[in-house]
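Trainee: I am new to this structure and would love a close look at a single part of it. Could you walk me through one residue and its surroundings?

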Amino acid sequence: MIYAIIEDGGRQYRVEEGAELDIDLREAAVGDRITFDRVLLVRTDDAVVVGQPLVSGGSVEAEVVSVIPGPKLVIQKFRRRKNYRRRTGHRQLYTRVKISKIVAG
């Protein structure tokens, strides 16, 4: 089983080939390819390659599947005894990608 740990948008993700992943919104159309160069760790059947801080020559290729909205987040503001109540919210957009290939470097 091959997997990698990548960094994107200040977050770390554990990815495998064929898995789908939701990342922050990108300006990419459906079917476009994205390459993640910040690979922190790659595990193959033989060995584990740990980067210091990155794996040299390591990359993860993915294909954009869709753009999806995330869960609805509700923001409430309230001040007691002042008759002040505000309720707003939003839904963040995410880009769903499918991991196609992991290169160990």
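Trainee: In which strand is the place of Thr95?

Mentor: Happy to help, and please keep in mind that this is a predicted model. Thr95 sits in strand β8, which covers residues 84-103. Next, look at how much of this residue can be reached from outside. The relative accessible area of Thr95 is 0%, and buried means under 20%, so Thr95 counts as buried.

Now turn to what surrounds Thr95. Leaving out residues up to four places away in sequence, Thr95 touches Leu21, Asp22, Ile23, Asp24, Leu25 and Arg26, along with Val64 and Ser66. Arg26 deserves a second glance: a polar atom of the Thr95 side chain lies 3.0 Å from the backbone nitrogen of Arg26.

For contrast, try Pro53, which is found in the loop between β6 (48-50) and β7 (59-79). Its relative accessibility is 62%, and exposed means over 50%, so Pro53 is exposed. Setting aside neighbours within four places in sequence, Pro53 is in contact with Val39 and Leu40. Pro53 and Arg38 are 15 residues apart in sequence, while their C-alpha atoms are 9.1 Å apart in space.

Finally, have a look at the start of the chain. Strand β1 (residues 3-8) pairs with strand β2 (residues 11-16) in the antiparallel sense, over six bridges. Within this pair, Glu16 in β2 is the residue opposite Tyr3. The two strands make a hairpin with two residues between them, and Gly9 in the turn has a positive phi of about 65°.

How values were computed: Residues numbered from 1 in each chain as written. Predicted model: local features only at pLDDT ≥ 70, side-chain atom pairs only at ≥ 80, totals over all residues. Heavy atoms only, no water. Pairing = 2+ DSSP bridges. Helix = DSSP H or I, 4+ residues; strand = E, 2+ residues; numbered from the N terminus. Buried < 20%, exposed > 50% of the residue type's maximum accessible area, 1.4 Å probe, protein only. Polar contact = N/O pair within 3.5 Å; in protein donor to acceptor, adjacent residues only side chain to side chain. Contact = heavy atoms within 4.5 Å.
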